[in-house]
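Work through these exercises with the structure open beside you. Try each task before reading its solution.

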Amino acid sequence: MTLYIVIGLIVIILLFVAATYNKLVRYRNNRENAFADIDVQLKQRHDLIPQLVEAVKGYTKHESETLLKITEARTAAMSAHDINGKIDAENRLSAALSGLKVSVEAYPDLKANQNFMQLQEEMADIENKLAASRRYFNSATKEYNNAVETFPANLIAGAFGFRREALFDVGAVQRVLLNEPPKVSF
């Protein structure tokens, strides 16, 4: 009789470990899938940036430093291989693009150019889609992190190498810009 109880407990423990492991794998895969959605938007963003830079070049010949930063940040973002590297590179690219927006404000003729306006609209659309994808990614990451860190799943997570993952945040540079009051001019 005692043998059956011990075997029953072992089976229950093994079922619990298997169920918890499978849940963690589902959460990890959901997180990776969410980042794949971000990757699609980033690819479109990366493809659009050279067109935007070329449109701005004709008007902003002396703004080459800003354009160079954007080009370098785009290259770094495209060559990043892991999720954390991509997050860091994309935050630098976002900061560089915000510098472009400031430069464009000084050129009213450029803002009236139809090609530039179309590129700006496409970029805004991509940025909106990116924001939605990042929210979904962060939600999937939060769900995964909660599963990895809560008891008793954290015991299984630690044994099988599951660890806390980073969220896709705005980055240090963008956070400083967000803390500044907006500039409004008429």
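**Exercise 1. The whole chain**

What share of the 186 residues of the protein counts as buried? Then describe the fold and the confidence of the model.

Solution.
- Step 1. This is a predicted model.
- Step 2. Of the 186 residues, 34% count as buried.
- Step 3. Count the elements: there are seven helices and zero strands. Along the sequence the pattern reads α-α-α-α-α-α-α.
- Step 4. Look at contacts between residues at least 6 apart in sequence: 78% of them join residues at least 24 apart.
- Step 5. Check confidence. The mean pLDDT is 82, and 78% of the residues reach 70 or more. Helix 6 (residues 153-159) has the highest confidence, at 94. Helix 7 (residues 171-179) has the lowest, at a mean of 57.

**Exercise 2. The nonpolar cores**

Find the residues with the most contacts inside the largest nonpolar core, and the helices that supply this core.

Solution.
- Step 1. The largest nonpolar core has 28 residues. Ile70 and Phe137 have the most contacts inside it.
- Step 2. At least two residues of this core come from each of helix 1, helix 2 (64-79), helix 3 and helix 5 (114-149).
- Step 3. Helix 1 gives the most, with nine residues.
- Step 4. A second, separate core has eight residues, including Leu24, Val25, Tyr144 and Val148.
- Step 5. Return to Phe137 and leave out residues up to four places away in sequence. Phe137 then touches Arg31, Ala34, Phe35, Ile38, Ile83, Ile87, Ala166, Leu167 and Phe168.

**Exercise 3. A lysine in helix 3**

Is Lys86 buried or exposed? Give the reason, then list its contacts.

Solution.
- Step 1. Place the residue: Lys86 sits in helix 3 (residues 83-104).
- Step 2. The relative accessibility of Lys86 is 17%. Buried means under 20%, so Lys86 counts as buried.
- Step 3. Set aside neighbours within four places in sequence. Lys86 is in contact with Phe35, Asp39, Ala80 and His81.
- Step 4. Take one distance. Lys86 and Ala76 are 10 residues apart in sequence, and their C-alpha atoms are 8.6 Å apart in space.

**Exercise 4. The second largest pocket**

Which residues line the second largest pocket, and what is its volume?

Solution.
- Step 1. The volume is about 170 Å³.
- Step 2. The lining is made of Arg28, Arg31, Glu32, Asp82, Ile83, Asn84, Tyr144, Phe160, Gly161, Phe162, Arg163 and Glu165.
- Step 3. Sort the lining by element. Helix 1 (2-57) and helix 3 are the elements that give two or more residues. Helix 1 gives the most, with three.
- Step 4. Sort the lining by character: four residues are nonpolar, two polar and six charged.
- Step 5. Pick one lining residue, Asn84. Asn84 belongs to helix 3. Its relative accessible area is 36%, so Asn84 is partly exposed.
- Step 6. Asn84 and Ala166 are 82 residues apart along the chain, and 7.0 Å separates their C-alpha atoms.

**Exercise 5. A tyrosine in helix 1**

Which residues does Tyr27 touch, not counting residues up to four places away in sequence?

Solution.
- Step 1. Tyr27 is in helix 1.
- Step 2. Tyr27 is partly exposed because its relative accessible area is 21%, and the cut-off for buried is under 20%.
- Step 3. Tyr27 touches Glu143, Tyr144 and Ala147.
- Step 4. Tyr27 and Tyr144 are 117 residues apart along the chain, with 5.0 Å between their C-alpha atoms.

**Exercise 6. Two loops**

Where does Pro152 lie, and where does Asp169 lie? Describe each place.

Solution.
- Step 1. Pro152 lies in the loop between helix 5 and helix 6.
- Step 2. Check the bond leading into this residue. From Phe151 to Pro152 the peptide bond is cis, with omega near 0°. Most peptide bonds are trans.
- Step 3. Asp169 lies in the loop between helix 6 and helix 7.
- Step 4. Asp169 has 38% relative accessibility, so it counts as partly exposed.
- Step 5. Asp169 and Arg134 are 35 residues apart in sequence and 8.4 Å apart in space, C-alpha to C-alpha.

Note on methods. Residues are numbered from 1 along each chain as its sequence is written. This is a predicted model: local features need pLDDT of at least 70, side-chain atom pairs count only at pLDDT 80 or more; totals for chains, interfaces and linings use all residues. Side-chain values use heavy atoms; hydrogens and water are left out. Helices (H or I, at least four residues) and strands (E, at least two) are DSSP runs, numbered from the N terminus. Buried means under 20% relative accessible area, exposed over 50%, partly exposed in between (1.4 Å probe, protein chains only). Contact means heavy atoms within 4.5 Å. On a 1 Å grid over the protein atoms alone, a cavity is a set of points where a 1.4 Å probe fits but cannot get out, and a pocket is an open set with protein on both sides within 12 Å along at least five of seven lines; lining residues have an atom within 4 Å of a point. Grid points are joined across faces, edges and corners, and a volume is the space filled by probe spheres set on the points. Ala, Val, Leu, Ile, Met, Phe, Trp, Tyr, Cys and Pro count as nonpolar, Asp, Glu, Lys and Arg as charged, and the others, Gly among them, as polar. A nonpolar core is a set of buried Ala, Val, Leu, Ile, Met, Phe, Trp, Tyr and Cys residues joined through side-chain atoms within 4.5 Å. pLDDT is the predictor's confidence in each residue, from 0 to 100.
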